[in-house]
Structure formats: C-alpha cells, structure tokens
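Reader: I have a structure here and want to talk it through. Can we start with the charged pairs?

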Amino acid sequence: MDRILQDILPVGHKLEGMMARTKSMRLDIAGFKTQVTGLEQRVTMVETRIASWLDRDQELLYLGSKLIDLEDRSRTDNVRFLGFPENIEGADIHSYLRETLAKLTGIIFDPPLEFQRVHRLGPKWRDDANCLCPIIACLLRHVQTRQLLQAARTHSPFQLDDLEVRLTSDFSKETSERRRAFLDLRARLRLLDVKCSLFKPARMEITKNGVSKDFCNPDDLRVFLDGLQYQTQSMDTVCSIWPQDPLGPPQSVASSTSAPEDTGRPAAGSYPRGRDLERLTKS
C-alpha cells in the first residue's frame with residue numbers, strides 16, 4: 001500500500017502542475033479575447049471612418065464638377081483671339097478689335113461691339129514682335145458672342161493681311177483638356193467611318209449607320225472605339241477568309257467537289273432556310 005501511495009504522489013504533483021498551467025493558459029486566453037475584442041472595435045471604427053471619407057470623396061468630386069461647370073458658365077461671353085502679334089493693337093485695344101472683327105467677319109453689329117474687359121494672356125513680351133500671346137475679351141452682349149463664334153465656325157481661320165486669325169471659345173483648364181482629348185480621337189473616328197460632333201462644354205456625339213451615342217468622358221469613348229475596331233477587324237478577317245455567303249460553302253470548295261449523292265438530306269454546307277426549312281420540317 002505504501003508503495004502504491006509513493007507511486008501515486010508524483011503523479012498527483014504532476015497533475016497539480018498541469019492544472020496550474022492550464023489555469024494560467026485560460027487566463028491568457030481570456031486576455032487574448034479581451035485584446036481581440038478591442039482590436040475588432042478599433043477596426044470597426046477605422047472602417048466607419050474610411051466609409052465616411054469615401055462619402056466625402058464623392059462629395060468633393062461632385063463639388064469639383066460643380067465648380068468646373070460654374071467656371072465654364074462664367075466664361076460664356078469670353079472669346080479668345082489667336083494670331084495677333086504683340087503691340088499690333090496699339091494703345092486702344094477695344095477700338096482695334098471692334099474695327100478688325102467687323103472687317104474679318106463682315107458682320108454689322110448693331111449696337112456696336114462693347115467689351116467688359118480685354119487683355120492678353122501670358123507674359124508681356126513687349127520687345128518681341130513675333131510674340132503671339134492670345135487676346136481674351138469678355139463681350140458685353142451674349143448675342144454678339146454667339147455671332148462671332150458662329151462666324152468663326154464657318155470661316156475660321158480668318159485672313160488679316162499675312163496673318164491667320166482664329167476665334168475660339170474660352171473654357172476652364174479641365175474642360176479644355178477633355179475637349180482636346182476628344183479632338184485627338186477624330187482620326188480614329190474617321191478611319192472607322194464614324195461621324196462626330198463636339199458640343200459645349202465637352203460632349204461628343206458619334207453617329208454610325210444612323211445610330212447616335214453621346215460621350216462625356218474621352219476614356220469611355222476610347223474604350224468604345226477599341227471594341228468597335230476589334231469588331232471591324234474581326235468582320236474583315238471573316239470576309240477575307242469566307243467571302244461568300246457565310247451560310248454556304250466557299251466558292252473554291254463548291255467548284256472543286258463533285259455533285260453529292262441524293263440521300264434525301266441537304267448537301268454539306270448548303271443549309272435550308274426560310275420556306276425550305278419549314279417544308280422540310282413538315283415533311
């Protein structure tokens with residue numbers, strides 16, 4: 001009996017040590033749970049903040065687009081004049097533009113042209129006679145602005161002695177970049193036989209086979225043209241390989257093969273269509 005007790009005592013001590021270690025592990029696990037719970041709460045807070053920031057980004061994008069629109073609207077009566085050398089206007093730029101525009105466009109303005117303000121863009125290089133810094137003018141009457149821009153669309157560029165003078169609308173930087181990106185795609189549109197028209201402020205309408213589609217983003221138009229060009233190339237490849245009726249056999253194959261046996265079925269490659277198909281299905 002004493003031997004049995006002596007053998008059991010070490011085992012009991014070991015069990016007590018294991019129980020103590022198990023208890024400490026339970027305490028550690030409980031602490032880990034508390035830490036994980038705190039981390040989950042922090043992650044939830046961070047996700048909430050990120051979601052609010054994303055909403056703010058959307059609001060900022062919307063406000064940015066509204067600001068661009070307001071800036072474009074504020075420039076509605078502005079006209080840019082390109083091609084006038086420095087100092088050609090003399091001391092009175094208002095009178096010079098009034099007389100020159102009447103001569104170039106042939107429009108009799110009644111009442112006469114009036115400007116809210118006129119100035120050149122860029123640095124004042126008064127010593128350089130070849131400087132062609134644009135002139136920007138804000139007209140007093142919107143009707144006269146439209147008349148000038150309509151004449152520019154019809155007759156631009158204008159010839160003034162040995163100079164080429166152009167009149168353009170005035171847009172914000174962002175809108176000008178979008179219009180320039182649209183204009184860079186005109187060569188691809190011509191290659192694909194697609195008609196295009198660019199409207200204010202930056203919207204391009206394309207027409208192909210009587211179907212029209214509008215684009216306000218040059219990237220969307222570029223993706224659309226990539227798909228259209230792929231379809232066109234695929235059709236050209238098919239037509240070059242199979243120039244005859246796609247439902248019938250190639251001419252070379254039909255001419256080189258002998259007449260098929262009369263088996264009561266259509267010959268290979270000659271598929272019945274329309275009324276022939278209906279007649280065959282009924283019989």
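Reader: Which residue forms a salt bridge with Arg120?

Author: Glu89 does, with the closest N and O atoms 3.1 Å apart. A salt bridge here is a side-chain nitrogen of Lys or Arg within 4 Å of a carboxyl oxygen of Asp or Glu. Arg120 lies in strand 2 and Glu89 in the loop between strand 1 and helix 2, so the pair ties together parts 31 residues apart in sequence. Helices (H or I, at least four residues) and strands (E, at least two) are DSSP runs, numbered from the N terminus.

Reader: What is this model, and how are residues numbered?

Author: This is a predicted model: local features need pLDDT of at least 70, side-chain atom pairs count only at pLDDT 80 or more, and totals for chains, interfaces and linings use all residues. Residues are numbered from 1 along each chain as its sequence is written, and side-chain values use heavy atoms, with hydrogens and water left out.

Reader: Back to that pair. Is Arg120 buried or exposed?

Author: Arg120 is buried, with a relative accessible area of 15%. Glu89 is buried too, at 10%. Buried means under 20% relative accessible area, exposed over 50%, and partly exposed in between (1.4 Å probe, protein chains only).

Reader: How many salt bridges does the structure hold?

Author: It holds 11. One of them joins Arg80 and Asp170, with the closest N and O atoms 2.7 Å apart. Arg80 lies in strand 1 and Asp170 in the loop between strand 5 and helix 4, so this pair ties together parts 90 residues apart in sequence. Arg80 is partly exposed at 24%, while Asp170 is buried at 2%.

Reader: Which residues are linked with Arg80 in a network?

Author: Glu71, Arg75 and Asp170 are linked with Arg80 in a network of salt bridges.

Reader: What does Ser172 touch?

Author: Ile68, Glu71, Asp72 and Arg75, not counting residues up to four places away in sequence. Contact means heavy atoms within 4.5 Å. Ser172 sits in the loop between strand 5 and helix 4. It is buried, with a relative accessible area of 0%.

Reader: New topic, the sheets. What is the order of the 5 strands?

Author: The order is 2-3-1-5-4, in an open sheet with antiparallel pairing. Strand 2 (115–120) and strand 4 (158–160) are at the edges, each with a single partner strand, so one side of each has no neighbour in the sheet. The twist averages 25° from one strand to the next. Axes are lines fitted to C-alpha atoms, for helices over the stretch in contact, and angles run from 0 to 180 degrees between N-to-C directions. Two strands pair if DSSP finds at least two bridges between them.

Reader: How many bridges pair strand 4 and strand 5?

Author: There are 3, in the antiparallel sense. Phe158 stands opposite Val165 in strand 5.

Reader: Which strands does helix 3 lie across?

Author: Helix 3 (residues 142–155) lies across strand 1, strand 3, strand 4 and strand 5. It runs at about 130° to strand 5.

Reader: And the sheet of 3 strands, what order?

Author: That open sheet has the order 6-7-8, with antiparallel pairing. Strand 6 (195–199) and strand 8 (211–215) are the edge strands, each pairing on one side only. Helix 4 lies across strand 6, strand 7 and strand 8, at about 170° to strand 6.

Reader: How many bridges join strand 7 to strand 8?

Author: 5 bridges join them. Ile206 stands opposite Lys213 in strand 8.
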